[in-house]
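Hi everyone, thanks for making time. Let me put the structure up, and then we can walk through the ligand site together.

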Amino acid sequence: MLEKLHTLQAEAETAILETNDITALRDLKVKYLGKKGELTSILRGMGGLPAEERPQMGKVANEVRGVIESLLIDRETALEEAELEERLQLEKLDVTLPGISQEIGTAHPLNSMIEKIEDIFIGMGFGVAEGPEVETDQYNFEALNLPKEHPARDMQDSFYINPEMLLRTHTSSVQIRTLEAKKGEAPVRIICPGKVYRRDDDDATHSHQFTQIEGLVVDQNVSMSELNGVLFAFAQKMFGAGIEMRLRPSFFPFTEPSVEVDIYHPEKGWIEILGAGMVHPDVLARVGYDPEVYTGFAFGVGVERIAILKYDIDDIRQLYTNDLRFLDQFKSV
Ligand code: 2NL
């Protein structure tokens, strides 16, 4: 029996020291010291020993239990420490390292220019109206004094979907739709931003798709001097209070009289920024406004043109190709 106890102790010692995980170690505790464990089963055999040998055997058995118990505790402590050390190595975090900075995107210069122009006119009491990009030739041409035979309606100059429908060539169509919906009611003060399309060959100064903002005011007693005042306020807010502006006579089928508006650029001289005029009486009459009672003015701004001028951009295509080296320059705009 003594030999059995010593063999058990030696066997337990090897098993405990060889174990590398805590769960297995707990299993060993059950195996050697548990109620149904090996030590218990050896002690059961004590009943068959002569009475004088029992105390001695009991003492050895307790010593063996003590040795196994302390081996278990030491091994458990060692394994826990190793596990903690491993975790500390893996989760090592240097809070003094600089963070990984996240690039923050910004509005596209064309979108910020649209918003800038919208804000200026909203500040002068204009509302914003939008409408379809695919238009009937009724809204895009007929309503604006551009009848079938007009050279501006050449099939080669616009993108036709079918003989009656095309991609709008200006946002005037939205203004016509707004006037029609108002059924002769005044005042009307709107701007109409949006994409427009013309069959041009793309180059540094032309694009088959560009952005236009048209404005329209219709009321009683609307005059050319109010047009002048509104456009000068726009030019000042866009290019600075000291800007010089002039109107030049021009021609559009939908306005009479018509003007082209220039600003003075210190290096480039007089530069055209937009076209405008008093709404043609026939245009007003066709959408239900009596031209004897109501007058109006309208203007059309090319957004890219303004952006190119203000930011000194040398090629309109830079506004469409999304080269980050170009876009990054507008982070603060
Ligand atoms: C340009 C500048 C312009 C208009 C647009 C307009 C709209 C209505 C009635 C009359 Cl509903 N006119 N818009 C007027 C003058 C100029 O755009 O250079 N266009 C070719």
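I'll start with the ligand's surroundings and then turn to the strands.

A quick note on sources: this is a predicted model, where local features need pLDDT of at least 70, side-chain atom pairs count only at pLDDT 80 or more, and totals for chains, interfaces and linings use all residues. Residues are numbered from 1 along each chain as its sequence is written, and side-chain values use heavy atoms, with hydrogens and water left out.

So, which residues are the closest to the ligand? There are 14 around it (a heavy atom within 4 Å), and the closest are Gln175, Glu214, Phe254, Ala298 and Gly300. The protein covers 89% of the 490 Å² of accessible area that the ligand has on its own (Shrake-Rupley, 1.4 Å probe).

Now the polar contacts, meaning N or O pairs within 3.5 Å. Glu214 places a polar side-chain atom 2.8 Å from a ligand nitrogen. Gly300 uses a backbone N or O atom, 3.4 Å from a ligand oxygen.

Which elements supply at least two shell residues each? Helix H7 (172-182), strand S9 (269-279) and strand S10 (295-302) do; these are DSSP runs, at least four residues (H or I) for helices and at least two (E) for strands, numbered from the N terminus.

Let's stay with S10. Seven of its eight residues are buried (under 20% relative accessible area, 1.4 Å probe, protein chains only). S10 runs antiparallel to S6 (residues 209-219), with eight bridges, and Gly215 has Phe299 as its bridge partner. S10 is also antiparallel to S9, through five bridges, and Met278 stands opposite Phe297.

How values were computed:
A polar contact is a pair of N or O atoms within 3.5 Å; within protein, one must be able to donate a hydrogen and the other to accept it, and residues adjacent in sequence count only if both atoms are side-chain atoms. Buried means under 20% relative accessible area, exposed over 50%, partly exposed in between (1.4 Å probe, protein chains only). Two strands pair if DSSP finds at least two bridges between them.
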